[in-house]
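Hi,

Here is the structure I promised to pass on to you. Have a look at it first, and then read on for what turned up.

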Amino acid sequence: GKFMLSGAQFNPVLVSQFRGAHLLLVEDDAINQQVAREMLENYGIKVTVAENGEEAIAALKDAQFDGILMDMQMPVMDGLSAARAMRNDPKYSKIPIIALTANVMVSELNEVMAAGMNDHIGKPIDPDRLVMTLAKWVHPARTSGGRAARDGATRPVAPGAAAIPNM
């Protein structure tokens with residue numbers, strides 16, 4: 001029920017689970033890009049935007065991502081085709097892919113899952129649902145030698161504690 005999700009966007013424990021993540025937002029609509037980017041950046045997430053599935057696949061070759069938010073209906077290559085292509089490449093078989101879809105019919109949700117996506121979020125994006133879904137699937141690297149540490153997305157070191165250098 002909707003009441004169980006209420007307030008998730010304000011839950012610091014949930015938000016802390018994915019703060020510092022780098023997400024690939026795959027969305028062709030400029031307004032939807034802006035709304036989603038602002039929402040994600042407010043949670044401390046680094047966002048890279050691709051306008052279609054083909055651009056998303058190219059972006060994966062250029063950077064490491066902790067997860068992908070994928071629109072379904074886009075020109076050039078739609079979300080289902082992009083997800084299938086990603087899942088067919090062993091390098092991208094484990095990255096969480098979350099569908100962004102206005103379609104909520106069971107048959108369409110089954111297609112999303114059959115294409116290898118992990119979950120879905122309806123449009124317009126509900127901030128509580130977004131937080132719950134990201135907390136479930138997106139877990140940025142937090143090791144001293146990990147990507148998040150290299151990108152400066154680490155937690156502050158407590159006063160008096162020695163920082164561990166990257167190896």
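V26 has M70 as its bridge partner in β3. Please keep in mind that this is a predicted model. That pair belongs to a longer contact: β1, covering residues 22–26, and β3 pair in the parallel sense over four bridges. Another residue to look up there is L23, whose bridge partner in β3 is G67.

On its other pairing, β3 is joined by four bridges to β4, residues 97–101, and these two strands also run parallel. M70 turns up again here, with A99 as its bridge partner in β4. So that you can place the connection, β3, helix α5 (residues 79–87) and β4 make a right-handed β-α-β unit.

How covered is β3 itself? The strand spans residues 67–71 and is mostly covered, with five of its five residues buried. As a general point, side chains in a regular strand alternate between the two faces of the sheet. In β3, G67, L69 and D71 point one way, while I68 and M70 point the other way, and all are buried.

G67 deserves a moment of its own. This glycine lies in strand β3, and its relative accessible area is 1%, which is under the 20% cut-off and therefore makes it buried. Its C-alpha atom is separated by 6.0 Å from that of I97, although the two residues are 30 apart along the chain.

Now to the sheet as a whole. In what order do the strands stand? Five strands form an open sheet in the order β2-β1-β3-β4-β5, and the pairing is parallel. β2 (46–50) and β5 (119–122) are at the edges with a single partner strand each, so one side of each has no neighbour in the sheet. On average, neighbouring strands of this sheet are turned by 25° against each other, with direction ignored.

For β2, the partner is β1: five bridges join them, and they run parallel. If you want a residue pair to click on, L25 stands opposite V49 in β2. The link between these strands is another right-handed β-α-β unit, made by β1, helix α3 (residues 30–42) and β2.

Zooming out, the chain contains eight helices and five strands. Along the sequence they follow the pattern α-α-β-α-β-α-β-α-β-α-β-α-α. The chain has 167 residues, and 43% of them count as buried.

Finally, there is a pocket you may want to look at. The second largest pocket has a volume of about 200 Å³. Which residues line it? They are L60, A63, Q64, F65, D66, P90, K91, Y92, S93, K94, I95 and P96. By character, the lining of this pocket divides into seven nonpolar, two polar and three charged residues.

That is what I have to hand over for now. Happy browsing, and do write back with any questions.

Best wishes

How values were computed
Residues are numbered from 1 along each chain as its sequence is written. This is a predicted model: local features need pLDDT of at least 70, side-chain atom pairs count only at pLDDT 80 or more; totals for chains, interfaces and linings use all residues. Side-chain values use heavy atoms; hydrogens and water are left out. On a 1 Å grid over the protein atoms alone, a cavity is a set of points where a 1.4 Å probe fits but cannot get out, and a pocket is an open set with protein on both sides within 12 Å along at least five of seven lines; lining residues have an atom within 4 Å of a point. Grid points are joined across faces, edges and corners, and a volume is the space filled by probe spheres set on the points. Ala, Val, Leu, Ile, Met, Phe, Trp, Tyr, Cys and Pro count as nonpolar, Asp, Glu, Lys and Arg as charged, and the others, Gly among them, as polar. Buried means under 20% relative accessible area, exposed over 50%, partly exposed in between (1.4 Å probe, protein chains only). Two strands pair if DSSP finds at least two bridges between them. A crossover is right-handed if, with the strands pointing away from the viewer, the path from the first strand over the helix to the second runs clockwise. Axes are lines fitted to C-alpha atoms, for helices over the stretch in contact, and angles run from 0 to 180 degrees between N-to-C directions.
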